[in-house]
Amino acid sequence: MRRWSGKGLGLAGRVGLAAVALLLSRAVVHAQSVDANEPIAERGRYLAVAADCAACHTAPGGGKPFAGGYGIASPLGAIYSTNITPSRDFGIGTYSEAQFGRALREGIRGDGAHLYPAMPYTSYTKLTDADVHALYVYFMTDVKPVEAPARRTVLPFPYNIRATMAVWNALFLDDRRFEPESGKSVAVNRGHYLAYALAHCDTCHTPRNVMMAEMGGRALGGASLSSWYAPNITSDPKSGLGGWSDDDLARYLKTGDVPGKAQAGGPMAEAVEHSLQYLNDDDIRAIVAYIKQVPAIADAADKAPRDTYGKPSDREAAYRGLDARALVRGERLFTGECAACHRPTGTGSPDGYYPQLFHNTAVGAARPDNLISTILMGVRREVGGHTVYMPGFGSGSYVDSLSDQDIADISTYVEQQFGNPAVRVSAEEVTLIRTGGPKPLIARLGAFAVPGMIAGVLMLAGAALLVLRRVGKKP
Ligand code: HEC
Ligand code: HEC
Ligand code: HEC
């Protein structure tokens, strides 16, 4: 089960009242590139990958594709995804295309009941009719029916009253299809559609207000995701991706690795692994075109682009002659735990499999979250059949498990030597990141923690409203 940790609530508390701003800033755009010769079901399959339907609708540990039963933790209990295979008894075999469309875009099930927003209809609401049609054809014709019920969602009263969602949809669901923005190129519009309606970059990279609605005014400006931090990816030259070439960004989305710049770990590695790597080059280019023109958001804490900090260490020669005890604690630990792969100089391996640590966004960023999380949880990313793997030092598998103080000392050394010298890491910070969720849960934390969290907050507030209304009706 994927789970949002307590720190997520801190996230909710962190943000202001921009729900209204979000509701008002309805930039509605839409674009599509339909190849008339492409079979509709094929196109639907592609869209299902771009929207990552399987990730949520397949139970972990070998569940049948789309048979449901995947638990998305909310503060109120697990919300299980349903069987969306065309089984007439257990899945959506009896759904008409109109019913399917309502489930995707309005969050209303075939029987008229409201879905919890753990199903991201708030994103899919932007899907075009043509894409809903293609998805429908794919699910009805190409997906194998699974004749088994998915695990039922049982939430305690009053959250089990699905009608509470109607109140919240009225407030938060901007039930509108994407429409192309005039004055923007076809590629930018297509990229906007892909980034928001399908790949939902915003769910991770845009900060949220107390109601867990995205802050429209800070779109893609960077947000905390439990133990990870989804960085600012606006066009700002220092805080964002202004200095990235189109090729760099395309390569990052396709592979998660741009040597001398950035590697994708945590939830971003999952997005690349399960979805983005399968997008065709035109669509990757479209996302790049869109992302590169997102209005800049600057953060005063960023003095230089995070991929420009640091240089190789010249201490390698020194290591040979030096008594290890003479090294500062962080350097000694780095030598023992990290240098075998990343080299004492921090230059990594010549083939780039072990990346360099200087000119590396996780190390150069003004916040050490992604460096600490990488040390705690490691990296595992499978792209094009190849796996990159760095072990996590958080819970001692076959590598040493390091204490919070160890990780703080290593991080501070790495920051001073290869990264942002303004950043010093304390054991308390490491504890915070470590308890952002216990390791095995965080390791699997993906896009779905966010919708789970939204669902929880919405239901809590919905229930509160209901109770208030009842109290209000008493004579
Ligand atoms: C972030 C996780 C997530 C993703 C991604 C996701 N779903 Fe869902 N979906 C859910 C959950 C959870 C439910 C059940 C919610 C509930 O019980 O209220 C659900 C319910 C549904 C239902 C209602 C079925 C029924 O009768 O109960 C349909 C249809 C559906 N999803 C289709 C899709 C399609 C198609 C995609 C991809 C375009 C998709 N979902 C992507 C989580 C997800
Ligand atoms: C599930 C959450 C999630 C989604 C969805 C997501 N990202 Fe990310 N993204 C992250 C996290 C977390 C990182 C930091 C990863 C790291 O440093 O290892 C990141 C890193 C990045 C980076 C590298 C930035 C840097 O400075 O290293 C880029 C570029 C990026 N994302 C673009 C995108 C785009 C474009 C999309 C949509 C197509 C997207 N992301 C979707 C969570 C997400
Ligand atoms: C067994 C080899 C190995 C060891 C030991 C190792 N790493 Fe890594 N490291 C890797 C690999 C492989 C990657 C991922 C490369 C990729 O994503 O393409 C990586 C990635 C990284 C990144 C970039 C991650 C990101 O999200 O941007 C950092 C920073 C890092 N390692 C720091 C460390 C530190 C600090 C230590 C010691 C505590 C360490 N590594 C130990 C192999 C290793």
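Select threonine 374 first: in this predicted model, a polar atom of its side chain lies 3.5 Å from an oxygen atom of ligand 3. Next, select arginine 381, where a polar side-chain atom is 2.8 Å from an oxygen atom of ligand 3. Then add glutamine 263, which has a polar backbone atom 3.1 Å from an oxygen atom of ligand 3.

With these residues displayed, colour the elements that give two or more residues to the shell around ligand 3: H16, helix H17 (361-364), helix H18 (369-377) and S8. The full shell holds 23 residues, and the closest are Cys338, Cys341, His342, Arg381 and Met390. By class, 15 are nonpolar, five are polar and three are charged.

Now centre the view on the iron atom of ligand 3. Its protein donors are His342, through NE2, and Met390, through SD, at 2.0 to 2.2 Å. Histidine 342 belongs to helix H16 (residues 339-342) and methionine 390 to strand S8 (residues 386-390), so that the pair, 48 residues apart, links distant parts of the chain. The iron site has six donor atoms, with angles of 87 to 179° among them, and is octahedral. For comparison, ideal angles for six octahedral donors are 90 or 180 degrees. Is histidine 342 buried or exposed? Histidine 342 is buried because its relative accessible area is 11%, under the 20% limit.

Return to glutamine 263 and turn to ligand 2. A backbone N or O atom of glutamine 263 lies 3.3 Å from an oxygen atom of ligand 2. Select glycine 265 as well: one of its polar backbone atoms is 2.7 Å from an oxygen atom of ligand 2. Arginine 306 contributes a side-chain N or O atom, 2.6 Å from an oxygen atom of ligand 2.

Two or more residues of this shell come from each of helix H10 (202-205), strand S4 (228-230), helix H11 (246-255), strand S6 (262-263) and helix H12 (266-274). Around ligand 2 there are 28 residues, of which Cys201, Cys204, His205, Met268 and Arg306 come nearest. The shell divides into 21 nonpolar residues, six polar and one charged.

The last stop is glutamine 293, in the loop between helix H13 (281-292) and helix H14 (316-321). Glutamine 293 is partly exposed because its relative accessible area is 26%, which lies between the limits of 20% and 50%. Which residues does glutamine 293 touch, not counting those up to four places away in sequence? They are Lys184 and Val188. Select lysine 184 to see a polar contact of 2.7 Å between its side chain and that of glutamine 293. Finally, display aspartate 236, 57 residues from glutamine 293 along the chain; their C-alpha atoms are separated by 9.5 Å.

Key:
Residues are numbered from 1 along each chain as its sequence is written. Chains are lettered from A and ligands numbered from 1 in the order in which they are written. This is a predicted model: local features need pLDDT of at least 70, side-chain atom pairs count only at pLDDT 80 or more; totals for chains, interfaces and linings use all residues. Side-chain values use heavy atoms; hydrogens and water are left out. A residue is near a molecule or strand if one of its heavy atoms lies within 4 Å of it. A polar contact is a pair of N or O atoms within 3.5 Å; within protein, one must be able to donate a hydrogen and the other to accept it, and residues adjacent in sequence count only if both atoms are side-chain atoms. Helices (H or I, at least four residues) and strands (E, at least two) are DSSP runs, numbered from the N terminus. Ala, Val, Leu, Ile, Met, Phe, Trp, Tyr, Cys and Pro count as nonpolar, Asp, Glu, Lys and Arg as charged, and the others, Gly among them, as polar. Buried means under 20% relative accessible area, exposed over 50%, partly exposed in between (1.4 Å probe, protein chains only). Contact means heavy atoms within 4.5 Å. Donors are N, O and S atoms within 2.8 Å of the metal (3.2 Å for Na, K and Ca); water is not among the atoms, so sites may look incomplete. Four donors count as tetrahedral if all angles lie between 85 and 135 degrees; four count as square planar and six as octahedral if opposite donors are over 155 degrees apart and all others between 65 and 115; anything else is irregular.
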